[in-house]
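Reader: I would like to test the labels used for this model against the values behind them. Take me through them one at a time.

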Amino acid sequence: MHRVYLSLGSNVGDRAANLYTAIDHLRALERTQFLAASALYETQPRVVEDQPDFLNACVAIETQLNPHVLLAELIKIEQTMGRVRLFDKGPREIDLDVLLFGQVQINDPDLQIPHPALCERAFVLVPLAEIAAEVRHPTHQQTISQLVENCPDTGWVRKVSDPLAAQY
């Protein structure tokens, strides 16, 4: 089994319901056990700023799936939930990203692990620290808590509630 951390984000429709639905899909993945979820965080859009605010969360799973198969399953979940990629970093019903896959490092055109922008995104690091504070980044050799402290992202991240942690 591999310990995997995923980020979830939504800024279209019922954002919280989208995150709950995505978690239900993750819980149904074969050869995968759902472990933990962070609280919900409302966050400012980054990169493409002219779009609605996001709700973000992070989850921990253990899986026997290999990284590429897991990615394919995440893409299926996004498609099932109606995600249409009109342009990169644009509005979306759901966005699922592999952040960390144990200590595995992959640098393929279609999959990069650890996520290449993880250390630069407060909207991912803050919820991740809630469930993986002492986990070490495989290449930076800092804990997630240390990465939060050193994160250059100046966008706001506001904890809005604990429904994910409470429900799951």
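Reader: What is threonine 63 in contact with, leaving aside its neighbours within four places in sequence?
Author: This is a predicted model. In it, threonine 63 is in contact with Met1, His2, Val4, Arg31, Thr32 and Phe101. Threonine 63 has its place in strand β4.

Reader: Why is threonine 63 called buried?
Author: Its relative accessible area is 0%. Buried means under 20%. Threonine 63 is therefore buried.

Reader: What makes the pairing of the threonine 63 and threonine 32 side chains a polar contact?
Author: The distance is 2.8 Å. The cut-off for such a pair of N or O atoms is 3.5 Å, so the value fits. The side chain of threonine 63 also has a polar atom 3.0 Å from the backbone nitrogen of leucine 65.

Reader: How do you know whether glutamine 51 is buried or exposed?
Author: Its relative accessibility is 10%. The limit for buried is under 20%, so glutamine 51 counts as buried. Glutamine 51 is found in the loop between β3 and β4.

Reader: Which side chain makes a polar contact with the side chain of glutamine 51?
Author: That of asparagine 11, at 3.0 Å. Asn11 also appears among the contacts of glutamine 51, along with Pro45, Lys89, Gly90 and Pro91, once neighbours within four places in sequence are left aside.

Reader: Why is proline 91 called partly exposed?
Author: Proline 91 has 35% relative accessibility. Partly exposed runs between the 20% and 50% limits, so that is the class for proline 91. Proline 91 sits in the loop between α2 and β5. Beyond four places in sequence, proline 91 is in contact with Asn11, Val12 and Gln51. Aspartate 53 is 38 residues from proline 91 in sequence and 9.3 Å away in space, C-alpha to C-alpha.

Reader: What puts aspartate 95 in its accessibility class?
Author: A relative accessible area of 14%. With buried set at under 20%, aspartate 95 is therefore buried. Aspartate 95 belongs to strand β5. Not counting residues up to four places away in sequence, aspartate 95 touches Ser7, Leu8, Gly9, Glu78 and Arg83. Glutamate 78 is 17 residues away in sequence, yet 6.7 Å in space, C-alpha to C-alpha.

Reader: Where else does aspartate 95 appear?
Author: In the lining of the largest pocket. Lys89, Asp95, Asp97, His115 and Arg121 lie nearest the centre of that pocket, out of 39 lining residues. The space in this pocket is about 830 Å³. Elements giving two or more residues to the lining are β1, β4, α2, β5 and α3. By class, the lining holds 17 nonpolar, nine polar and 13 charged residues.

Reader: How many cavities of 30 Å³ or more does a search of the whole structure find?
Author: One. The largest cavity has a volume of about 30 Å³. Ser7, Asp97, Leu99, His115, Ala117, Leu118, Arg121 and Val124 line this cavity. Four of these lining residues are nonpolar, two polar and two charged.

Reader: Why is α3 called largely enclosed?
Author: Eight of its 11 residues are buried, so the rest of the structure largely encloses α3. The buried ones are Ala122, Phe123, Val124, Leu125, Pro127, Leu128, Ala129 and Ala132. Their cover includes β1, β3, β4, β5, α4 and β8.

Reader: Which residues touch the most other members of the largest nonpolar core?
Author: Leu6, Leu8, Leu26, Val59, Leu70 and Val98, in a core of 30 residues. At least two residues of this core come from each of β1, α1, β2, β4, α2 and β5. α1 gives the most, with six.

Reader: What does valine 59 touch, not counting residues up to four places away in sequence?
Author: Val4, Tyr5, Leu6, Leu8, Ile23, Leu26, Phe34, Ala36, Ala37 and Ile131. Another core, of 17 residues, lies apart from the largest one. Cys58, Ala122, Ala132 and Leu147 are among its members. In soluble globular proteins, nonpolar side chains tend to be buried together.

Note on methods
Residues are numbered from 1 along each chain as its sequence is written. This is a predicted model: local features need pLDDT of at least 70, side-chain atom pairs count only at pLDDT 80 or more; totals for chains, interfaces and linings use all residues. Side-chain values use heavy atoms; hydrogens and water are left out. A nonpolar core is a set of buried Ala, Val, Leu, Ile, Met, Phe, Trp, Tyr and Cys residues joined through side-chain atoms within 4.5 Å. Buried means under 20% relative accessible area, exposed over 50%, partly exposed in between (1.4 Å probe, protein chains only). Helices (H or I, at least four residues) and strands (E, at least two) are DSSP runs, numbered from the N terminus. Contact means heavy atoms within 4.5 Å. On a 1 Å grid over the protein atoms alone, a cavity is a set of points where a 1.4 Å probe fits but cannot get out, and a pocket is an open set with protein on both sides within 12 Å along at least five of seven lines; lining residues have an atom within 4 Å of a point. Grid points are joined across faces, edges and corners, and a volume is the space filled by probe spheres set on the points. Ala, Val, Leu, Ile, Met, Phe, Trp, Tyr, Cys and Pro count as nonpolar, Asp, Glu, Lys and Arg as charged, and the others, Gly among them, as polar. A polar contact is a pair of N or O atoms within 3.5 Å; within protein, one must be able to donate a hydrogen and the other to accept it, and residues adjacent in sequence count only if both atoms are side-chain atoms.
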